[in-house]
Amino acid sequence: MGTVILGIESSCDDTSAAVIRERRLLSNVIAGQDVHRKYGGVVPELASRAHQQNIVPVVDRALKEAGVSRHEIDAVAYTRGPGLLGSLLVGSSFTKGFTAALGIPMIEVNHLQAHIMVHFIQSEISPGPSPSFPFLCLLVSGGHTQLVVVRDHHNMEIIGRTIDDAAGEAFDKCAKLLGLPYPGGPHVDRLAREGDPLRFSFNKPRLEGFDYSFSGLKTSFLYMLRDNVKEDPDFIEENKADLAASLQKTIIDILLNKLRRASRKTGIRQIALAGGVSANSALREAIGEEALKNSWELFIPPLNYTTDNAAMIAITGYYRYLEGHFSSDDVTPLARMYF
Ligand code: KG4
Ligand code: ZN
């Protein structure tokens, strides 16, 4: 009947459970947490509490939607890190209890590797071929921005990373300055469709190698707004769409510039995108154009698998299961976790 893995994701503010049979996704249930909206960012203690409330019903629903009974599950994969410790503890404690009760193994998963592994999920919305190895992945999320050479399902090397803010943070922090709700990335994306991306220009970092930096852009955006608001208090309101479009273009230019260079230097032409920011419509379009120019074979994940979800944990767990990578009971979550 094939190996069945239950995946559990609780690293930030989404509680999610998914069921996978081999590579085929049977369910992927995500419960977001609206409680953070009024604070303009994720409040860790509220996140852990909401995970605690959500986890049992979310797992229940994932099993029901998959049409799988708990006795059919071969192993449970869960996010060990990186993420908010209190949030991770909910997923890992649940997994320990659940696997102990059923007498099945648990499998720890690195959240960032899991974002990349969405390219191996088979489902109605991702029927296409998966990348072959090696491929180069631009992983852009709220907490991380990395260029990763993926050699196989378990062997990945980070060749570039942000030295300060992540791309998602740049979207979210600048969106906040524009008075947009949290998380701001999707709002900037929507607004930018009506704006002129060439209207304003902002500082771009000059970093050697493949590393990224986004804190300078945030500062440049802040000062520009501050100077203009002094002259005209309605500046932001009157120019919101152009500001969003210009900010978005700058972030995309920075991301693609290093990706282009990394592809040239490594000679890798299979390019994949992953992480929450890869939901950005302009980034998806721009990387498509770049792929045509550079003869890249491009892999863009379906929107449902870009932001945090447990399908990515389940597929990673499946490949770890095949290798017998099981965790012992005394494994603890890690706020920082490397690979
Ligand atoms: O991967 P993810 O769900 O969580 C982390 O692991 O960090 O990424 C969340 C990030 C947030 O910063 C959010 O603003 C951003 O992804 N994001 C977007 C879009 N959708 C989500 N950024 C730009 N455009 C979008 N459409
Ligand atoms: Zn994530």
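## A salt bridge within helix α8

E290 and K293 form a salt bridge in which the closest N and O atoms are 3.9 Å apart. This is a predicted model, and in it both E290 and K293 belong to helix α8 (residues 281-294), where they are 3 residues apart, about one turn of the helix. The two partners differ in their surroundings, because E290 has a relative accessible area of 6% and is buried, whereas K293, at 65% relative accessibility, counts as exposed.

## Salt bridges elsewhere in the structure

Side chains of opposite charge can pair when their charged atoms come close. The structure holds 17 salt bridges, and one of them joins D253 to K204, with 3.3 Å between the closest N and O atoms. Since D253 lies in helix α7 (residues 235-266) and K204 lies in the loop between α5 (185-192) and α6 (215-231), the pair ties together parts that are 49 residues apart in sequence. D253 counts as partly exposed at 25% relative accessibility, and K204 is likewise partly exposed, with a relative accessible area of 43%.

The side chains of D165 and K173 also meet in a salt bridge, at 3.5 Å from N to O. D165 counts as buried because its relative accessibility is 8%, while K173, with a relative accessible area of 33%, is partly exposed. D165 and K173 also belong to a network of salt bridges that links D165, E169, K173 and K218.

## The zinc site

Which residues of the protein act as donors to the zinc ion (ligand 2)? They are H111 and H115, each through NE2, together with D308 through OD, and these donors lie 2.0 to 2.1 Å from the zinc ion. The site has 4 donor atoms, and with angles of 96 to 140° among them it is irregular. The upper end of that range matters here, because four donors count as tetrahedral if all angles lie between 85 and 135 degrees.

Along the chain, the donors of the zinc ion (ligand 2) follow the spacing H-x3-H-x192-D. The pair of H115 and D308 links distant parts of the chain, 193 residues apart, with H115 in helix α3 (residues 111-117) and D308 in the loop between β10 (297-299) and α9 (311-322). Both H115 and D308 are buried.

Definitions and conventions. Residues are numbered from 1 along each chain as its sequence is written. Chains are lettered from A and ligands numbered from 1 in the order in which they are written. This is a predicted model: local features need pLDDT of at least 70, side-chain atom pairs count only at pLDDT 80 or more; totals for chains, interfaces and linings use all residues. Side-chain values use heavy atoms; hydrogens and water are left out. Donors are N, O and S atoms within 2.8 Å of the metal (3.2 Å for Na, K and Ca); water is not among the atoms, so sites may look incomplete. Four donors count as tetrahedral if all angles lie between 85 and 135 degrees; four count as square planar and six as octahedral if opposite donors are over 155 degrees apart and all others between 65 and 115; anything else is irregular. Helices (H or I, at least four residues) and strands (E, at least two) are DSSP runs, numbered from the N terminus. Buried means under 20% relative accessible area, exposed over 50%, partly exposed in between (1.4 Å probe, protein chains only). A salt bridge is a side-chain nitrogen of Lys or Arg within 4 Å of a carboxyl oxygen of Asp or Glu.
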